[in-house]
Structure formats: C-alpha cells, structure tokens
Amino acid sequence: MTERREAEKKLKHQLAVIEAAVDGIAILENNLFTYVNQAHLQLFGYDNSGELLGKTWQESLYSLEERNHFEQKVFPVLM
C-alpha cells in the first residue's frame, strides 16, 4: 500500500506542476481534448476546460476559414 500512496503522491505533484506551468499544455485522445491546463485556456481565451474538453482542436481554436487554409495550404506542405 505504501508504494501505491507514493505513486499517487507523485502523480498529484506532477499535476500541480502542469497546472502551474506558464506554457499552455493540452492532451488529446483521438483528436479530442481530454485535458487542458489553465495557461492553455488563457492563451486561447477560454474561461474553463468544459469549453474545450471533448472537442477537436480544429473546431475549438480556429475559424472555418483558418481550418480551410490549413487543409489547403499548410498541411500539404508539411506532408
């Protein structure tokens, strides 16, 4: 049980560090936001994580015009 408590303590510490980071940090799974820290919310002008969680980064962060630009101009060059 002590090993489990130590692992939980370490995870809580790591989460606190991520939350305190000045860099925007987001985790996506299957192209959907599953976690965003406070700095990420502030960077993109959101008030709470509920506005992003479960949505794609494309629909949440960029207008339709910007997404079309990425798909037509940016992504082909990156490929």
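Helices here are DSSP runs of H or I with at least four residues, and strands are runs of E with at least two, numbered from the N terminus. The model is predicted, so local features need pLDDT of at least 70 and side-chain atom pairs pLDDT 80 or more, while totals for chains, interfaces and linings use all residues. Residues count from 1 along each chain as its sequence is written, and side-chain values use heavy atoms, leaving out hydrogens and water.

**Exercise 1. Find the helix that holds Ala16, and work out whether its span agrees with its number of residues.**

Step 1: Ala16 sits in helix α1, residues 2-20.

Step 2: The expected span is 1.5 Å times one less than the number of residues. For the 19 residues of α1 that gives 27 Å, and the end C-alpha atoms are 27 Å apart, so the two agree.

Step 3: Now look at how covered the helix is. Buried means under 20% relative accessible area, exposed means over 50%, and partly exposed lies in between, using a 1.4 Å probe and protein chains only. The count of buried residues in α1 is zero, so the helix is hardly covered. Ala16 itself is partly exposed at 43%.

**Exercise 2. Track down the salt bridge in this structure.**

Step 1: The rule asks for a side-chain nitrogen of Lys or Arg within 4 Å of a carboxyl oxygen of Asp or Glu.

Step 2: Searching the whole structure turns up one salt bridge. Arg4 and Glu8 form a salt bridge, with their closest N and O atoms 3.1 Å apart.

Step 3: Why do these partners suit each other in sequence? An α-helix has 3.6 residues a turn, so residues three or four places apart point the same way. Arg4 and Glu8 are four residues apart in α1, which puts about one helical turn between them.

Step 4: Check the surroundings: Arg4 is exposed at 53%, whereas Glu8 is partly exposed at 37%.

**Exercise 3. Describe the hairpin of β1 and β2 and its two-residue loop.**

Step 1: Two strands pair if DSSP finds at least two bridges between them. Strand β1 (residues 26-29) and strand β2 (residues 32-36) run antiparallel and are joined by four bridges. Ala26 stands opposite Val36.

Step 2: Asn30 lies in the loop between the strands, and so does Asn31. Neither is a glycine, yet phi is positive in both: near 55 degrees for Asn30 and about 70 degrees for Asn31.

Step 3: Asn30 is exposed at 71%, while Asn31 is partly exposed at 34%.

Step 4: Who touches this loop? Contact means heavy atoms within 4.5 Å. Leaving out residues up to four places away in sequence, Thr56 touches Asn31, Leu32 and Phe33. Thr56 belongs to the loop between α2 (38-44) and α3 (57-61), and is buried at 18%.

**Exercise 4. Name the members of the largest nonpolar core.**

Step 1: Such a core is a set of buried Ala, Val, Leu, Ile, Met, Phe, Trp, Tyr and Cys residues joined through side-chain atoms within 4.5 Å.

Step 2: The largest one has six residues: Phe33, Val36, Leu41, Tyr46, Leu52 and Leu61.

Step 3: Zoom in on Leu41. Setting aside neighbours within four places in sequence, its contacts include Val36, Tyr46 and Leu52, along with Asp47.
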